[in-house]
Amino acid sequence: MKNQNIAKVLKAYRKHNKLSVNEVAARLEQRSVPVAPKTIYGWESGQTQPDADTLLLLCDIYQINDILNAFGYLKDDTEPLMLTAFEKQLIMKYRNTPDMQNAVNKLLDLP
């Protein structure tokens, strides 16, 4: 059964990661999955879908950690949250320094 979200999510995450189709093809080839750029365009247009193993590799390349939510398998009315590496680092620092959380919350005017 085709998931119509796969095409738009793959394209959005590729662009979010500032990768060209040729760069994605090269990264897949490095992982022993030779794919033509034309195939990637097919996945992004919804004409075809990658097999499960390739989809997992793409998720790794695109840094998609919450796969079920990103592709709409869990009911969530919000758009997938795409974080940069810097934003992830900020979140981890925030979580790992509870003594500073009140100060950060005050600075950002959070409850």
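## A short tour, starting at N105

Select N105 and then show what it touches: leaving aside neighbours within four places in sequence, N105 is in contact with Y94, L110 and P111. Keep in mind as you click around that this is a predicted model.

Now look at where N105 sits. It's found in helix 7. Is N105 buried or exposed? Its relative accessibility is 13%, and under 20% counts as buried, so N105 is buried.

Next stop: the pocket. Select L90, I91, K93, Y94, T97, V104, N105, L108 and L110, and you've got the lining of the second largest pocket. You'll spot N105 in that list, along with Y94 and L110, two of the residues N105 is in contact with. The volume of this pocket is about 170 Å³.

Try colouring helix 6 (85–96) and helix 7 (98–107), since each of them supplies at least two residues of the lining. Which helix gives the largest share? That's helix 6, with 4 residues. Colour the lining by class and you'll get 6 nonpolar residues, 2 polar and 1 charged.

Last stop: head over to helix 1 (residues 5–16) and helix 3 (residues 37–45). These two pack with their axes 6 Å apart, at an angle of about 120 degrees, which makes helix 1 oblique to helix 3. To see who's touching, show A7, L10, K11 and R14 on helix 1, then W43, E44 and S45 on helix 3. Sorted by class, this contact has 3 nonpolar, 1 polar and 3 charged residues.

Methods:
Residues are numbered from 1 along each chain as its sequence is written. This is a predicted model: local features need pLDDT of at least 70, side-chain atom pairs count only at pLDDT 80 or more; totals for chains, interfaces and linings use all residues. Side-chain values use heavy atoms; hydrogens and water are left out. Axes are lines fitted to C-alpha atoms, for helices over the stretch in contact, and angles run from 0 to 180 degrees between N-to-C directions. Angles under 35 degrees count as roughly parallel, over 145 as roughly antiparallel, 65 to 115 as roughly perpendicular and the rest as oblique. Contact means heavy atoms within 4.5 Å. Ala, Val, Leu, Ile, Met, Phe, Trp, Tyr, Cys and Pro count as nonpolar, Asp, Glu, Lys and Arg as charged, and the others, Gly among them, as polar. On a 1 Å grid over the protein atoms alone, a cavity is a set of points where a 1.4 Å probe fits but cannot get out, and a pocket is an open set with protein on both sides within 12 Å along at least five of seven lines; lining residues have an atom within 4 Å of a point. Grid points are joined across faces, edges and corners, and a volume is the space filled by probe spheres set on the points. Buried means under 20% relative accessible area, exposed over 50%, partly exposed in between (1.4 Å probe, protein chains only).
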